[in-house]
Amino acid sequence: MDDDLDQALGAVGPRLRALRQQRETTLADLSTATGISVSTLSRLESGSRRPTLELLLPLARAHGVTLDELVDAPPTGDPRIHLRPVTRHGMTMLPLTRRAGGIQAYKLVIPAESRRRHPELKTHEGYEWLYVLNGRLRMVLGEHDLVLSPGEAAEFDTRVPHWFGAAGPEPVEFLSLFGTQGERAHLRAAPKLKDSTER
């Protein structure tokens, strides 16, 4: 346990230096922001001064990170699931659900370079519903070649050959609901309210 603690605290110095250099901040600027002397900051970064909570709290605040991030603490009983992005075929997928079966939700980001690629249409079992958040999405679906803008949605059977790419000079971000068994996303709209002048 002591070895793990020493190892974690020993890694704080290089992490502090990296954070400061990423933000292009000098030791003097950081000293002004935190109230910690330049010599103490320098010794912390070099590892010759052992970090304490009193020193780490203002540094975490100044760097805009949590204490856990600053000391690279292992997860301790946090019930939340930390989902990790996966990159496939140049597309970054962030799973938003973590359960077997049923409809799966993803956030997808496609870089702008994909607009120069020749579409390679794919098919698979399932049904997909998507909603564009940012950028413009080019969707080739069978013989249709469509461009969707932010706020637009589409749904289709994934057995139809399809391909996605960025249609503009910026990346495109969209949400996807996908059911492997062909489940459809059901959207319900509220009934139209009668005009108060109608009797």
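Buried means under 20% relative accessible area, exposed over 50% and partly exposed in between, with a 1.4 Å probe and protein chains only. The model is predicted: local features need pLDDT of at least 70, side-chain atom pairs count only at pLDDT 80 or more, and totals for chains, interfaces and linings use all residues. Residues are numbered from 1 along each chain as its sequence is written, and side-chain values use heavy atoms, with hydrogens and water left out.

**View 1. T158 in the loop between strand 7 and strand 8.**
T158 counts as buried because its relative accessibility is 0%. Strand 7, on one side of this loop, covers residues 153-157; helices (H or I, at least four residues) and strands (E, at least two) are DSSP runs, numbered from the N terminus. The side chain of T158 reaches two backbone oxygens, that of H124 at 2.8 Å and that of G126 at 2.8 Å. Each is a polar contact, meaning a pair of N or O atoms within 3.5 Å; within protein, one must be able to donate a hydrogen and the other to accept it, and residues adjacent in sequence count only if both atoms are side-chain atoms. Leaving aside neighbours within four places in sequence, T158 is in contact with K122, T123, H124, E125, G126, Y127, E128 and F178. Contact here means heavy atoms within 4.5 Å.

**View 2. The six-stranded open sheet.**
The strands are arranged in the order 1-2-3-9-4-7, with antiparallel pairing. Two strands pair if DSSP finds at least two bridges between them. Strand 1 and strand 7 stand at the edges with a single partner strand each, so one side of each has no neighbour in the sheet. On average, neighbouring strands of this sheet are turned by 25° against each other, direction ignored. For these angles, axes are lines fitted to C-alpha atoms, for helices over the stretch in contact, and angles run from 0 to 180 degrees between N-to-C directions. Strand 4 (residues 127-134) runs antiparallel to strand 7, and five bridges join them. One of the residues involved is Y127, whose bridge partner in strand 7 is D157. Y127 is also among the residues in contact with T158.

**View 3. The three-stranded open sheet.**
Here the strand order is 6-5-8, again with antiparallel pairing. Strand 6 (144-148) and strand 8 (162-166) are the edge strands, each pairing on one side only. The average turn between neighbouring strands of this sheet is 20°, direction ignored. Strand 5 (residues 137-141) pairs with strand 6 over five bridges, and the pairing of strand 5 with strand 8 also runs over five bridges. Four of the five residues of strand 5 are buried, so this strand is largely enclosed by the rest of the structure. V140 has D145 of strand 6 as its bridge partner. The hairpin of strand 5 and strand 6 has two residues between the strands, and G142 takes a positive phi near 60° in it.

**View 4. R138 in strand 5.**
R138 counts as partly exposed because its relative accessibility is 22%. R138 stands opposite V147 in strand 6, while its bridge partner in strand 8 is G165. The C-alpha atoms of R138 and G165 are separated by 5.1 Å, although these residues are 27 residues apart along the chain. A polar contact of 2.6 Å joins the side chains of R138 and D145. Not counting residues up to four places away in sequence, R138 touches P119, D145, L146, V147, W163, F164, G165 and A167.

**View 5. The largest pocket and its lining.**
The volume of the largest pocket is about 700 Å³. On a 1 Å grid over the protein atoms alone, a pocket is an open set of points where a 1.4 Å probe fits, with protein on both sides within 12 Å along at least five of seven lines; lining residues have an atom within 4 Å of a point. Grid points are joined across faces, edges and corners, and a volume is the space filled by probe spheres set on the points. The lining has 23 residues, of which H89, M91, M93, L108 and H124 lie nearest the pocket centre. Strand 1 (86-88), strand 2 (91-95), strand 3 (103-110), strand 8 and strand 9 (172-179) each give two or more residues to the lining. Strand 3 provides the largest share, four residues.

**View 6. The whole chain, for orientation.**
The chain has six helices and nine strands. Of its 199 residues, 31% are buried.
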